[in-house]
Amino acid sequence: MTTNYLFTSESVTEGHPDKVCDQISDAILDAMLSQDVKARVAAECAVSTGLVLVTGEITSTATVDFQELIRSVITEIGYTGEKGGGFDAMSCAILTAINKQSPDIASGVDQALESRPATAEGQATSTDAADETGAGDQGMMFGFACNETPEMMPMPISVAHRIARRLSEVRKNGTLNYLRPDGKTQVSIEYNGTTPVRVDSIVVSTQHDPIVDGIEENTKLQERIAQDLKAYVIMPVFQDLSIKPDDQTRYLINPSGRFVVGGPHGDAGLTGRKIIVDTYGGYSRHGGGAFSGKDPTKVDRSAAYAARYVAKNIVAAGLAERCEVQIAYAIGVARPVSVNVTTFGTGKMPDHKITELIHSTFDLRPAAIIKTFKLNELPKLNGGKFYRNVAAYGHFGRPDLNLPWEQLDRVEDLKKSLAKAASA
């Protein structure tokens, strides 16, 4: 007997203080890799009223004007003049404190355990080029895919992202020009078993001008914003989804009332503080590592992309309706210490058999992941701006971006393996 329950996920706009930091960190990464594909980058950012602080470890031959780059990012987000609500791209103070990558970490990445001279324990020296790059840290990464939405993402986070992206679109194209950059969305979906059946509630909090078309009184202002957001933001995002809001769906739009002061002026921000927004909205497990500001040798980022790639191809190939892939690494070691698959009872073959299939189909060593997705080359191939684009609105299930880890180019290989297993 299946029971109905609610699952909720949130997203935030590019003007959210934490996302401002993620975009600055990834803009630095883009700038470094555009000039130096071997750059080692771990850029952290913090923002507050009138202040941007950038710190971290960077080893690179690239030359970047941090002041100009950071101000351009903040300007593009929309924090300028009155629209900045107290935080302005041209007047904020920018402080930088950058060190080089630890030589101890660098040595383990530059030459993995597998490619070092034989040890007393008998470690053999590998001649495989992909064994030469060790993981930049230990840790476990998760990837997930399901058949709930066209982009194979869980419906709550998919809809929350769609609304957040749409909120930014109508602000920038002038449809609702009274909006300001900061905003948050939240969607609660009712499930029957594992099937989404209805939209229970939609929450949107958006920063706005203090006066909208002459309306200043709080209650009337809130009513006007709610009316506009339903018509121009919320309803359009459901066009290609199997379920839509009904007459019982609750809308909570700017439930606290006025939201004029926001962004870094209203709340401090940090790089890597929205890891659940970046991934699956809490619907799948998370290893805990953030993505933004990290070059691809950091498996927090690259292996999470690979895990999503594996999971999505498995679902698209019909091996399962839902799939979660975990990959774990040791610092300085190229080969994963473990790979685990969970299909939640939806697999067409046992999970351990799918795990074996992954080992024979996908190369999950850091150097191989980087080569497969061209992770070091993507910024230069995309005009100097790539990772910054995924720093807001999620790293997965992005129909608006051409992301290599979202490709379904291993589906046929997996289908053949499934057919072979079925006939055995």
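The legends below walk through several close-up views of a predicted model.

**View 1. The largest cavity, with a volume of about 90 Å³.** Rolling a probe the size of a water molecule over the atoms shows where empty space is left. In this structure, four cavities of 30 Å³ or more turn up, and the largest has a volume of about 90 Å³. Its lining is made of 14 residues, and those closest to the centre are Met141, Phe142, His286, Gly287 and Ala304. Two elements, β5 (139–146) and α8 (299–316), give two or more residues to this lining. The largest share comes from β5, with three residues. If you like to sort a wall by chemistry, the lining of the largest cavity has seven nonpolar, five polar and two charged residues.

**View 2. The second largest cavity and the residues around it.** About 40 Å³ of space lies in this cavity. Which residues line the second largest cavity? Going up the chain, they are Glu151, Met153, Ser158, His161, Arg162, Arg165, Phe396, Gly397 and Pro399. By class, this lining divides into three nonpolar, three polar and three charged residues.

**View 3. The second largest pocket, with a volume of about 320 Å³.** Here the view moves from cavities to a pocket. Its lining counts 16 residues, and Glu14, Lys172, Asn389, Tyr393 and Arg398 lie nearest the centre. Three helices, α2 (66–77), α4 (155–172) and α12 (387–390), each supply at least two residues of the lining. Which helix gives the most to the lining of the second largest pocket? That is α4, with four residues. For anyone thinking about charges, the lining of the second largest pocket divides into four nonpolar, three polar and nine charged residues.

**View 4. Asp22, a buried residue in helix α1.** Helix α1 spans residues 17–35, and Asp22 lies within it. Is Asp22 buried or exposed? With a relative accessible area of 0%, Asp22 is buried. Leaving aside residues up to four places away in sequence, Asp22 touches Leu270, Thr271, Gly272, Asp278, Ser292 and Ala391. One of these neighbours, Gly272, deserves a look of its own: the side chain of Asp22 reaches the backbone nitrogen of Gly272 at 2.8 Å. For a sense of scale, Ile58 is 36 residues from Asp22 along the chain, and the C-alpha atoms of the two are separated by 16 Å.

**View 5. Helix α10, mostly covered, and Lys374 just after it.** Of the eight residues of α10, six are buried. Those six are Pro366, Ala367, Ala368, Ile369, Ile370 and Phe373. What covers the buried residues of α10? The cover includes α8, β10 (322–329) and α11. After α10 comes Lys374, with a positive phi near 55°. Lys374 sits in the loop between α10 (366–373) and α11 (378–381). This lysine, Lys374, is partly exposed, with a relative accessible area of 43%.

**View 6. Asp213, a non-glycine residue with positive phi.** Most residues other than glycine have a negative phi, and most peptide bonds are trans. Phi of Asp213, however, is near 50°. Where is Asp213 found? Its place is the loop between β7 (195–208) and α5 (218–234). Asp213 counts as exposed, at 62% relative accessibility. A positive phi also appears at Lys374, where the value is near 55°.

**View 7. Cys146 and Cys323, with sulfurs 11 Å apart.** A disulfide is a covalent bond between the sulfur atoms of two cysteines. How many disulfides does a search of the whole structure find? The search finds zero. Cys146 is in no disulfide, and the nearest cysteine sulfur, that of Cys323, is 11 Å away. Why is there no bond from Cys323 to the closest cysteine sulfur? The sulfur of Cys146 is 11 Å away, so it is too far for a bond. As for accessibility, Cys146 is buried at 0%, and Cys323 also counts as buried, at 0% relative accessibility.

How values were computed:
Residues are numbered from 1 along each chain as its sequence is written. This is a predicted model: local features need pLDDT of at least 70, side-chain atom pairs count only at pLDDT 80 or more; totals for chains, interfaces and linings use all residues. Side-chain values use heavy atoms; hydrogens and water are left out. On a 1 Å grid over the protein atoms alone, a cavity is a set of points where a 1.4 Å probe fits but cannot get out, and a pocket is an open set with protein on both sides within 12 Å along at least five of seven lines; lining residues have an atom within 4 Å of a point. Grid points are joined across faces, edges and corners, and a volume is the space filled by probe spheres set on the points. Ala, Val, Leu, Ile, Met, Phe, Trp, Tyr, Cys and Pro count as nonpolar, Asp, Glu, Lys and Arg as charged, and the others, Gly among them, as polar. Buried means under 20% relative accessible area, exposed over 50%, partly exposed in between (1.4 Å probe, protein chains only). Contact means heavy atoms within 4.5 Å. A polar contact is a pair of N or O atoms within 3.5 Å; within protein, one must be able to donate a hydrogen and the other to accept it, and residues adjacent in sequence count only if both atoms are side-chain atoms. A disulfide is a pair of cysteine sulfur atoms within 2.5 Å.
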